[in-house]
Amino acid sequence: TMIGFLVPFLLALIQGRREGWDSSYIQTLFAIATVSGIAFVVTELRLKHPLVELSLFKIVPFSAASLIFLVSTMGEFASSFLIALFLQRVLTLTPYLAGLMLLPGALTWGLSNLISGRLADKVNNRLLVSLALLMIAWAFYRFAALDKTSTTTTILSLFVVQSFARGMLQSPLINVLMAVLPQNKMIMGSGLRGLMNGLGSTFGVSMAALFVERQQAVHAMEF
């Protein structure tokens, strides 16, 4: 039932502009997604040993940390998609050069992950999470001001800052999420964290593609 929700919902988002939001095809996909989503939640809540223990989301700190994982992962994948598109379509870089531009960000993310793992054992985790989120928000704010006059150095610097902050977020946020769970729920909590990351990456790219498609339609009407 989870697949029955995710697949139709994503298809509807991606194909909605092309097929028409009021078309029977898109409406049917949304209907299937809605029914499947409700069926999934109801089924999981009734099972004695559910596949996904949704009752864990009643724990407020766990829910908050899971939401941060979901939203931050959506932002990471959406921004990577949009930046790669911007470099190729606006700055007319080749796909190879655009990929090279994103490489330092990936390396920075790996390095900051190692650093955050050490800091998470010595510094207040909530403080580290707050600082990382502020850095991500600042990078997104600056990304919004990019245009065809922006230099590759500016874009690269912002992407590195965002990647560094995203890496710094990982370990302390995992600590916050797992610290509020009973010992026997740790494995389920870790699985739900992975689910949030997976959903975030899927929805992030899908929503970014939908945004680009809608903006193209708006600008096409202006001309």
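**Exercise 1. Is E53 buried or exposed, and what is its relative accessible area?**

Solution. E53 has a relative accessible area of 16%. Buried means under 20%, exposed means over 50%, and partly exposed lies in between (1.4 Å probe, protein chains only). So E53 is buried.

Two notes apply throughout. This is a predicted model, in which local features need pLDDT of at least 70 and side-chain atom pairs count only at pLDDT 80 or more, while totals for chains, interfaces and linings use all residues. Residues are numbered from 1 along each chain as its sequence is written, and side-chain values use heavy atoms, with hydrogens and water left out.

**Exercise 2. Describe the overall make-up of the protein.**

Solution. Start with the elements. There are seven helices and zero strands. Helices (H or I, at least four residues) and strands (E, at least two) are DSSP runs, numbered from the N terminus. The order from the N terminus is α-α-α-α-α-α-α.

Next, the extent. Along the principal axes, the C-alpha atoms fill a box of roughly 55 × 55 × 25 Å.

Then the surface. About 12800 Å² is exposed, and carbon and sulfur atoms supply 69% of it. Accessible areas come from the Shrake-Rupley method with a 1.4 Å probe; for residues, only the protein chains shown count as cover. Of the 223 residues, 39% count as buried.

Last, the contacts. A contact means heavy atoms within 4.5 Å. Take contacts between residues at least 6 apart in sequence: 74% of them join residues at least 24 apart.

**Exercise 3. How many salt bridges does the structure hold? Trace each one.**

Solution. The structure holds two salt bridges. The term means a side-chain nitrogen of Lys or Arg within 4 Å of a carboxyl oxygen of Asp or Glu.

Step one: E53 and K185 form a salt bridge, with 2.5 Å from N to O. E53 sits in the loop between α2 (24-46) and α3 (60-89), and K185 in the loop between α6 (152-179) and α7 (186-222). The pair is 132 residues apart and links distant parts of the chain. K185 has 22% relative accessibility, so it counts as partly exposed.

Step two: E76 and R166 form a salt bridge, at 2.8 Å from N to O. E76 lies in helix α3 and R166 in helix α6, so this pair ties together parts 90 residues apart in sequence. Both E76 and R166 are buried.

**Exercise 4. Does the span of α4 agree or disagree with the expected one? Then describe the helix.**

Solution. The expected span of a helix is 1.5 Å times one less than its number of residues. For the 25 residues of α4 that gives 36 Å, and the end C-alpha atoms are 36 Å apart, so the two agree.

Now look along the helix. A kink of about 25° lies at L102, shortly before the proline P104. The bend at a residue is the angle between axes fitted to the seven residues ending there and the seven starting there.

Turn to the buried side chains. Buried residues of α4 include A98, M101, L102 and G105. Their cover includes α3 and α6.

Finish at the surface. Y96, L97, L100, L103 and L107 make a nonpolar surface patch of about 520 Å². Patches are made of residues with over 30% relative accessible area and no salt bridge; like charges are joined within 9 Å, nonpolar side chains (Val, Leu, Ile, Met, Phe, Trp, Tyr) within 5 Å. Y96 belongs to α4 (residues 95-119). Y96 has a relative accessible area of 61%, so it is exposed.

**Exercise 5. Which residues does M196 touch, neighbours up to four places away left out?**

Solution. Locate M196 first: helix α7 holds it. M196 is buried, at 10% relative accessibility. It touches F57, S66, F69 and L70.

Now view this from S66, in helix α3. S66 is buried, with a relative accessible area of 1%. Leaving aside neighbours within four places, S66 is in contact with F57, L177 and M196.

Check the spacing. S66 and G189 are 123 residues apart in sequence, yet 9.4 Å apart from C-alpha to C-alpha. M196 and S63 are 133 residues apart in sequence and 11 Å apart in space, C-alpha to C-alpha.

**Exercise 6. Where is T92 found? Describe its backbone.**

Solution. T92 is in the loop between α3 and α4. Its phi is positive, about 55°, although T92 is not a glycine. T92 is exposed, with a relative accessible area of 62%.
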